[in-house]
Amino acid sequence: MRRLRKVKIVATLGPASDTYETIRALHEAGADVFRLNMSHGTHDEIRAKHEIIRRVEKDLDSPIAILADLQGPKLRVGAFADGSEDLAEGAAFRLDLDPAPGDAARVCLPHPEIFQALEAGAHLLVNDGKIRLKVVTCGPDFADCTVITGGTISNRKGVNVPDVVLPLAALSEKDRSDLEFACQLGVDWLALSFVQRARDVFEARTLADGRAAILSKIEKPAAVEDFDAILDASDGIMVARGDLGVELPVAAVPPIQKRLVRRCRAAAKPVIVATQMLESMIESPMPTRAEVSDVATAIYEGTDAIMLSAESAAGQYPVEAVRTMDKVAIEVEADPTYTQITAASRTAKGTTVADGIVAAAREIAEKTDIKAICCFTQSGTTALLTARERPGVPIIAMTALLATARRLCLSWGCHCVITPELERFKGAVVNAARAARAGGFATEKDQIVVTAGVPFNVPGTTNILRVAPCDERLIYNTDPG
């Protein structure tokens, strides 16, 4: 299914989008990737959504990526005797390990690992930062705090600890169970929550054992500090602006977003910008102007994908939200300023033959009347390198591996096509020409650029670039072999 834009759209599934009809409508409206939130729903409910996505994929003959988003460890206060308490600014408040119901002076925080890492002066944020506490003194089982920002605190509200690296594994027991379940289902991507450092990624990669690509969610200040190492350890990144905006000053999030997107692009790894992109469309059929501008900004920055959360999972207008993103993306990518920004932010990267091939393919395509770049890829690396170049023409990613085609659905500009395993380059060129014509990218009168590696079906061998006609008769008459 051809898209008229290059940035990809990730749609989260939930109660508002759990039927075949809605999921198909979401894909037809523009959703390239479906996110399954492992924080919500039983394994049976997740399995049912997965099966529907694969039915839609088969019925529409269109590869679809599935992203399973692991919950990560959730830090929460305990319960209050009266259900809630009002904390006044300047008041003293204690957090401890005592399981007794809380009151206006204290509450249980059943996470000893937090107390192990705390020190005087650290801040704790409760209920998405609505309540802010500052640690005065602390020990292995308590923290005496001053209320910096007051408000109502109630049962089991979430806690953020932005100032310290917590001695917590990124994978809880629930996450380990969910990861194995998702891998057995056959998801394409695993999103890892609560990443603080690169070693948090290694455990997930070991458990996944190649069955799914690993995408790290950047939502902690520590992750921003260790970002280069996390990026190196990951297959992709999500800029999760929700918790990031709680744990850091909100004014710091936009420049962080811009920096992370650029570094992902330089590394040829896909990046998603997420959280509250069209939040008002949960209840309204129209977004706000500010939300449209936010979506557009992420696209101008060069992100691979933009994501809908509650808008498509629980909102009243899930399909309309996807259509809105699609329309904004088409409009932005048609803007000459977008092309200028994309070209200006292109940085030379890498010294391999494949790096040179994809850079040459992009330059040839932009300086001549080329309709598409067709890249044959086994592992997906050549397509990722081509996407890093952000060419002005479509990228047709040709692969014999369905798993590779699905994973590339998250990558900028990649139109994924399943092709038979090939032994000779002439067959590759013919298949590329057919795919370009079938997808409406070119006619018999047009030319395409074809990149491939010989020997075929071996990862990391990209070594050929061919400017080819889309007329098969000319291919057979002029191509050797």
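## The C-terminal annotated region

In residues 356-467, the C-alpha atoms at the two ends lie 15 Å apart. Helix makes up 36% of this span and strand 27%. The model described here is predicted. In UniProt, an unreviewed entry assigns residues 356-467 the annotation "domain: Pyruvate kinase C-terminal".

## The barrel annotation

A further UniProt annotation, "domain: Pyruvate kinase barrel", also from an unreviewed entry, covers residues 5-322. The end C-alpha atoms of that span lie 13 Å apart. Its composition is 35% helix and 25% strand.

## The second largest pocket

The second largest pocket of the model has a volume of about 520 Å³. Its lining consists of 30 residues, of which Arg3, Arg5, Lys6, Pro394 and Gly413 are the closest to the centre of the pocket. Two elements, α13 (336-344) and β19 (414-418), each give two or more residues to this lining. The largest share comes from α13, which provides four residues.

By residue class, the lining of the second largest pocket divides into 13 nonpolar, seven polar and ten charged residues.

## Position of the pocket between domains

Where does the second largest pocket lie with respect to domain 1 and domain 3? Domain 1 is formed by residues 8-72 together with 170-339, and domain 3 by residues 348-477. Because both of these domains give residues to the lining, the second largest pocket lies between them.

How values were computed. Residues are numbered from 1 along each chain as its sequence is written. This is a predicted model: local features need pLDDT of at least 70, side-chain atom pairs count only at pLDDT 80 or more; totals for chains, interfaces and linings use all residues. Side-chain values use heavy atoms; hydrogens and water are left out. UniProt positions are given in the numbering used here, feature names are shortened, and annotations may be inferred rather than shown by experiment. On a 1 Å grid over the protein atoms alone, a cavity is a set of points where a 1.4 Å probe fits but cannot get out, and a pocket is an open set with protein on both sides within 12 Å along at least five of seven lines; lining residues have an atom within 4 Å of a point. Grid points are joined across faces, edges and corners, and a volume is the space filled by probe spheres set on the points. Ala, Val, Leu, Ile, Met, Phe, Trp, Tyr, Cys and Pro count as nonpolar, Asp, Glu, Lys and Arg as charged, and the others, Gly among them, as polar. Domain bounds come from an automatic or database domain assignment.
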